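The following report describes the fold of one protein chain and then turns to a single loop position within it.

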Amino acid sequence: MSDSSDRTTVLIYDVFGRRLGITRECGQWVTVELGTEGKHRPARVAIPEWVEEDGLLRFLADLYHESASPEKPDVVFVGKFGESASTSDHDPS
């Protein structure tokens, strides 16, 4: 399920106004909270290993639904960055 290429790919999500970067390392999801000044810190969220990449948005929306507001009503996929990211994989616009 996991290979060495997905360790260098970072998936960026806007989770009701909070930016999360998610990578896959040794079959486990690793999450970091991305600050506005380029800093990051561990995000205290455990994503089960059985969640597939295409299910992350739904998982995050279910987990953080209480953080939704009229100004930030959705979880949004921002982009995929890293060595193995393909420009055709996702369109962040």
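Strands, as the word is used here, are DSSP runs of E with at least two residues, numbered from the N terminus. The model is predicted, and by this convention G35 lies in the loop between β3 (28-34) and β4 (40-42). At 40% relative accessibility, G35 counts as partly exposed, because that class covers values from 20% to 50%. Although G35 and R18 are separated by 17 residues in sequence, their C-alpha atoms are 8.6 Å apart in space.

The two strands that flank this loop run antiparallel and are joined by three bridges, with L34 standing opposite H40 in β4.

In the wider fold, the protein chain contains one helix and five strands, which follow one another along the sequence as β-β-β-β-α-β. The five strands form an open sheet in the order β4-β3-β2-β1-β5, with antiparallel pairing. Since β4 and β5 (75-82) each have a single partner strand, they stand at the edges, and one side of each is therefore left without a neighbour in the sheet. On average, and with direction ignored, neighbouring strands of this sheet are turned by 30° against each other.

Values for the protein chain as a whole are collected below.

| Property of the protein chain | Value |
|---|---|
| Residues counted as buried, of 93 residues | 32% |
| Contacts joining residues at least 24 apart, among those between residues at least 6 apart in sequence | 46% |
| Accessible surface | about 6,300 Å² |
| Share of the accessible surface belonging to carbon and sulfur atoms | 51% |

Definitions and conventions:
Residues numbered from 1 in each chain as written. Predicted model: local features only at pLDDT ≥ 70, side-chain atom pairs only at ≥ 80, totals over all residues. Heavy atoms only, no water. Helix = DSSP H or I, 4+ residues; strand = E, 2+ residues; numbered from the N terminus. Buried < 20%, exposed > 50% of the residue type's maximum accessible area, 1.4 Å probe, protein only. Contact = heavy atoms within 4.5 Å. Areas by Shrake-Rupley, 256 points an atom, 1.4 Å probe, with all protein chains shown as cover. Pairing = 2+ DSSP bridges. Axes fitted to C-alpha atoms, helices over the stretch in contact; angles between N-to-C directions.
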